[in-house]
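Here are a few exercises to work through with the viewer open. Try each one yourself before you read the solution.

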Amino acid sequence: MGRRGKIVKIVGNLVAVEFAEAVYQNEVAYILHNEEKLKSEVIRIRGNIAELQVYERTEGLKIGEEVEFTGELLSADLGPGLLGQIFDGLQNPLSLLAEKYGFFLKRGAYLKALPEENFWEFIPLAKKGEKVKAGDRLGYVFEKIFKHYIMVPFSFPGIFEVEEIVPEGKYNFKQPIAYLKKEDKVYEVFMKQSWPVKIPIRAYRERLSPQKTLVTKIRLIDSLFPIALGGTYCIPGPFGSGKTVLQQLISKHAEIDIVVIAACGERAGEVVEVLRTFPELTDPRTGKLLIDRTIIICNTSAMPVAARESSVYTAVTLAEYYRQMGLNVLLLADSTSRWAQAMREISGRLEEIPGEEAFPAYLESRIAAFYERAGVVRLNDGSIGSVTIGGTVSPAGGNFEEPVTQATLKVVGAFLGLSRERAEARKYPAIDPLISWSKYKSFIEEERVSFIHSVLRRANDIYQMMKVVGEEGITLEDYIEYLKGEFFDYVYLQQYAFDPVDEATTQERQKYIFDFIYEKIIQEEFLLENKENALKFFQKLRQLFKTWNSEIWQSAGFKDLDREIREFLNERRKVKSNV
Ligand SMILES: Nc1ncnc2c1ncn2[C@@H]1O[C@H](COP(=O)(O)OP(=O)(O)OP(=O)(O)O)[C@@H](O)[C@H]1O
Ligand SMILES: [Mg+2]
């Protein structure tokens, strides 16, 4: 018989419960309402009153109804079968919900995240008598294209001895696959374990600093504002500026093993869009479906606020779980503003002292703690795994001064700011090179990158000047500098997402084209007598690049263009006198 309490007050999703025995902060409790059991979490305890946020709509609940405390924190189920699934914030599989209840969650309906009965071919690795600790590999099963390691549960403290391990064969989640002994007590281990979502998994040897570039195949990102494997980035951008398209492109092309998407949408439509389009994307790496190495956690503003708030934690926990297998995982949160809004709602109901724009005072620390769960780790057996976290932010009115954007940019390693002007001019990706930054290293030479930054800044300054004084008001040199900047933006930075070739550029190709443009165009001086000639020259050059727009980004077909461009440039280059 568990600990119980009685409802004394109901305010929206917040329920106050009077209790007699102890109640623990953040433990999960169930409200017993007729036949329904409504899941909730203890978020504040004052005296003998526990305040619960309910993961469900609360219509019909009554004062005096019973509440059962579980003593457990909100946890995610971890085991084979996660890949390819679409869950809600509480890890209910949405496809099953759709079959059972029509699309969205029926109140009080909780389904197992992982099918218990499915059999998996288990191959043992550990031996009887071996000493093991949390995170050590006991064996594996094949899940899609990956070896899914079955590990000593992350919650097991200290050193255990393998008392028994099952032989190779088919097992499901109902039979233990190993028995581990510690101080004469024997513990069963199953292929499934659970882990509290708000606590980072730390069953590894050490954290390493992110060094390797995560190649996304988006030129503007990789060349100018790179993301590191195991690092963090954010994409703030106004409404409709291309945040979601960019995240989808990254998930499709980034050199990563597994993608976990936390889709937090404003309207149900947005999320349904993800559910409709995503499972159809093909994986450029395997030729199969991208969903095979993806997990999606979905929710909309129509879902209860607490479920929305927990979804990013569920997502990051799943990401950490696969990192424990030595895989590189990318976690995309779209959009973190919806998550922050959920925090704001909860805080408002608790009548906490509000911070800026009514967000809670702990907004910053929550955002920081979330991004801190990214990282490269060396596992117990020496292998390396990583979680990279990328979050979009949708600031109202596109104003980056607001609290969520500000809190985010303090903690991330790369800031890819989208601008309304670029999006409106259909310059995609609409990442504004003048406001974006990255602390990570690009595969393009550093001094070349910073020179390009100065070219882009200068081009913009001259453009702003021209808007005031007109083209006549500036010198020919300035005009040429402006055209160079524009040219680089047009042929290199802009990349059309819906062209099968242009949508992704390999590292090798990026480096080749970048260096070519840098050496042969940006650094060169040309015989251009007046502004009209200068404009014609760069227009022709643009055309030469764009005519073969597709081909220049892959090796095949580039040869002819290469020759044509070189000839064109040679004719017009100022011959430098050799001193
Ligand atoms: N890289 C791109 N290439 C081509 N078109 C793009 C690109 N990015 C965005 N678009 C266009 O802009 C539209 C809106 O993009 P998207 O839905 O990603 O914006 P968003 O910032 O996520 O919007 P919201 O604020 O509503 O979430 C797309 O449907 C597409 O037509
Ligand atoms: Mg979007």
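**Exercise 1.** At what angle do helix 7 and helix 8 pack, and how far apart are their axes? Then classify the pair and give the handedness of the crossing.

*Solution.* Keep in mind that you're looking at a predicted model. Two packed helices are described by the angle between their axes and the distance between the axes.
- Step 1: find helix 7 at residues 363-371 and helix 8 at residues 403-411.
- Step 2: the two pack at an angle of about 45°, and their axes are 9 Å apart.
- Step 3: because of that angle, helix 7 is oblique to helix 8.
- Step 4: the crossing of helix 7 and helix 8 is right-handed.

**Exercise 2.** In what order do the six strands close into a barrel? Zoom in on strand 1 and strand 2 as well.

*Solution.* Strands of a sheet pair through backbone hydrogen bonds, either parallel or antiparallel.
- Step 1: going round the barrel, the order reads 1-2-5-4-3-6, with antiparallel pairing. On average, neighbouring strands in this sheet are turned by 45° against each other, direction ignored.
- Step 2: six bridges join strand 1 (residues 3-11) to strand 2 (residues 14-19), again in the antiparallel sense.
- Step 3: for a spot to check, take Val11, which sits opposite Leu14 of strand 2.

**Exercise 3.** How many residues surround ligand 1, and which domains does the shell draw on?

*Solution.*
- Step 1: ligand 1 has 14 residues around it, and the closest are Gly242, Lys243, Thr244, Tyr428 and Ala497.
- Step 2: sorted by character, the shell holds seven nonpolar residues, six polar and one charged.
- Step 3: domain 2 (90-108 + 204-438) and domain 4 (446-572) each supply at least three residues of the shell.

Terms used: Residues numbered from 1 in each chain as written. Chains lettered and ligands numbered in written order. Predicted model: local features only at pLDDT ≥ 70, side-chain atom pairs only at ≥ 80, totals over all residues. Pairing = 2+ DSSP bridges. Helix = DSSP H or I, 4+ residues; strand = E, 2+ residues; numbered from the N terminus. Axes fitted to C-alpha atoms, helices over the stretch in contact; angles between N-to-C directions. Near = placed C-beta within 6 Å. Nonpolar A, V, L, I, M, F, W, Y, C, P; charged D, E, K, R; others polar. Domains from an automatic or database assignment. Parallel < 35°, antiparallel > 145°, perpendicular 65-115°, else oblique. Left-handed = near helix turned anticlockwise from the far one by under 90°.
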